[in-house]
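Visitor: I have just opened this entry and would like a friendly tour. Could you take my questions one at a time?

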Amino acid sequence: MKNAPFFMIYVLRPVRTRLILTRRQHFSLASPRGARYLSTMQKDLELPSYDEERKALGKFETQVVKVDREAPRETLEKQLAGPGALVREGQVVGFPTETVYGLGANALDGSAARKIFLTKNRPMDNPLIVHISSMDMLKNLAASVSPQAESLMKAFWPGPLTILFPKTSNVPDEVTCGQPTVAVRMPSHPIASQLITSAGVPIAAPSANLSGRPSPTRASHVLADLNGIIPCVVDGGACDVGVESTVVDVNRSPPLILRPGGITLEMLRKYIPTMEVYSKTAHGGGGMEDKPPTPGLKYRHYSPTAKVILYEGSSQGMQSRIFDDLRSELKSGVKRIGYIHTHPRTVELPNDIASNPDIVIVRLGDEENPLAVAQGLFDALRAFDDLKVDLIMMEGVDEANEGLAVMNRARKAASSIIHV
């Protein structure tokens, strides 16, 4: 490690500090390059094509509204009045939350919600999460609230926890994809909260990226996928958590985590000891994947352009296998490899790996800090795209605490998984 050139090992520092590995190579989906990329993504991930309907949405000169999250409320109200008006008028807007950037539209307007699917190229059976800024908004969305849901709301709202509720007739089917439940959360990010308040309506919002791509944790990531396609992006800096919210269903027995996130299983079990993590084999034989009540269950996600190989197992096993594979891939003709290093305490990089100019190493946290890995994972995958690596290798982490969310996202991004 000590002999490595300083420019070859990148450390993703806390999310408020911007890491720039190289000049960003953004392109719009409206461009010829974007069209080629979209066509490839649709084929590889079996995503739908809404080409004709997307054309009808028109093109925009995307406005970037820079907002300081620490600004006084009066300032936030003034700066977000325009984006809030766009949401009220049925447009889609990119905006920051504490998890990732969202692509928001009026959750009570089915036509507006449909624009989200068209803009992202999102499958129409993949429900949206509705974001609220007050408990009064929840009354308009949820037909009932169970005692278990109440306990979780008191403990974790506002914050990165999404809860499924029986929906009211006010929620259009476009938001829930025809499911009887609606996924709701109250974000803690001051910009997200004020945008919802300024719009005066709950905001339905998945991540603000092209479906299948790594989720955006910076406004620049949103622009990389959607510049020229949406009218506005609110730039509030980097997101805090770095992965999407935890989604729970307390309407089932046992209550289930349907998508792991920043609120961990360990945290949830303090309030609901019977909480479990959904798996196809243990909870219903896969029916939920056929008609998912929430995002994150059915489709492959988070994929960068390059193939991703994920290594799972002991750090000793990784150390013996991954370095051999790195050398073998380079010998076979792979020109540039991105390597996500998550075990700096126990996996020592040999000099020929650390100093090789064809291996771009990103160090994400360590085995004792899975939150730091979560905060930087999507940023790293997008940075590797910018650097045009041909292959990405990643060390897996233990699934305790935030590690469960990290591995959920890493497995969905992976082209192959190697157990060592």
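Guide: Gladly, and one definition comes first: a residue counts as buried when its relative accessible area is under 20%. Keep in mind that this is a predicted model. With that cut-off, Ala219, Ser220, His221, Val222, Leu223, Ala224, Asp225 and Leu226 of helix α10 are buried.

Visitor: How many of the residues of helix α10 are buried?

Guide: Helix α10 covers residues 219–226 and is mostly covered. Its buried residues pack against β2, β4, α5, β9 and α15. The count of buried residues in α10 is eight of its eight.

Visitor: Which residue with a positive phi follows α10?

Guide: Look just past the end of the helix, where phi is positive, near 85°. The residue there is Gly228.

Visitor: Stepping back, what share of the protein's residues count as buried?

Guide: The protein has 16 helices and 17 strands. Its exposed area is about 16,900 Å², with 49% supplied by carbon and sulfur atoms. Of its 420 residues, the share that count as buried is 60%.

Visitor: In the open sheet, which strands stand at the edges?

Guide: The sheet has 11 strands with mixed pairing, and their order is β2-β9-β3-β4-β8-β5-β7-β6-β10-β11-β12. An edge strand has a single partner, so one side of it is left without a neighbour in the sheet. The strands in that position are β2 and β12.

Visitor: Within that sheet, what is the bridge partner of Ile163 in β10?

Guide: Strand β6 (residues 161–166) and strand β10 (residues 246–249) run parallel and are joined by three bridges. Beyond its neighbours within four places in sequence, Ile163 has contacts that include Leu152, Trp157, Val248 and Val250. The bridge partner of Ile163 in β10 is Val248.

Visitor: Which element gives the most to the largest nonpolar core?

Guide: That core has 66 residues, and those with the most contacts inside it are Leu152, Trp157, Ile163 and Phe165. The element that gives the most to this core does so with five residues, and that element is α9.

Visitor: How many residues does the other core have?

Guide: This other core lies apart from the largest one. Among its members are Val100, Ala306, Ala380 and Ala405. The number of residues in it is 28.

Visitor: Why is helix α9 described as largely enclosed by the rest of the structure?

Guide: The helix spans residues 190–199, and its buried residues are Ile191, Ala192, Gln194, Leu195, Ile196, Ser198 and Ala199. Just after α9, Gly200 takes a positive phi of about 80°. The helix is largely enclosed because the buried part of its 10 residues amounts to seven.

Visitor: Which residue has a side chain joined to that of Ser133 by a polar contact?

Guide: Ser133 sits in the loop between β5 (129–131) and α6 (135–139). Apart from neighbours within four places in sequence, Ser133 is in contact with Met186, Ser193, Ile196 and Thr197. The polar contact between side chains is 3.1 Å, and the partner of Ser133 is Thr197.

Visitor: Turning to rings, how far apart along the chain are Phe156 and Tyr271?

Guide: A search of the whole structure finds three aromatic pairs. Phe156 and Tyr271 make one that is edge-to-face, at 5.4 Å centre to centre with 80° between the planes. Phe156 belongs to helix α7 and Tyr271 to the loop between α11 and β12, and their separation along the chain is 115 residues.

Visitor: Is Tyr271 buried, exposed or partly exposed, and what is its relative accessible area?

Guide: Its ring partner Phe156 is buried, at 12% relative accessible area. Buried needs a value under 20% and exposed a value over 50%. Tyr271 falls in between, so it is partly exposed, with a relative accessible area of 45%.

Visitor: One last stop: what is the relative accessibility of Pro292?

Guide: Pro292 lies in the loop between α12 (287–290) and β13 (307–312). Its C-alpha atom is 9.6 Å from that of Leu258, and the two residues are 34 apart along the chain. Pro292 counts as buried because its relative accessibility is 1%.

Key
Residues are numbered from 1 along each chain as its sequence is written. This is a predicted model: local features need pLDDT of at least 70, side-chain atom pairs count only at pLDDT 80 or more; totals for chains, interfaces and linings use all residues. Side-chain values use heavy atoms; hydrogens and water are left out. Rings of Phe, Tyr and Trp (its six-membered ring) pair if their centres lie within 6.5 Å; planes under 30 degrees apart count as stacked, over 60 as edge-to-face and the rest as tilted. Helices (H or I, at least four residues) and strands (E, at least two) are DSSP runs, numbered from the N terminus. Buried means under 20% relative accessible area, exposed over 50%, partly exposed in between (1.4 Å probe, protein chains only). Accessible areas come from the Shrake-Rupley method with a 1.4 Å probe; for residues, only the protein chains shown count as cover. A polar contact is a pair of N or O atoms within 3.5 Å; within protein, one must be able to donate a hydrogen and the other to accept it, and residues adjacent in sequence count only if both atoms are side-chain atoms. Contact means heavy atoms within 4.5 Å. A nonpolar core is a set of buried Ala, Val, Leu, Ile, Met, Phe, Trp, Tyr and Cys residues joined through side-chain atoms within 4.5 Å. Two strands pair if DSSP finds at least two bridges between them.
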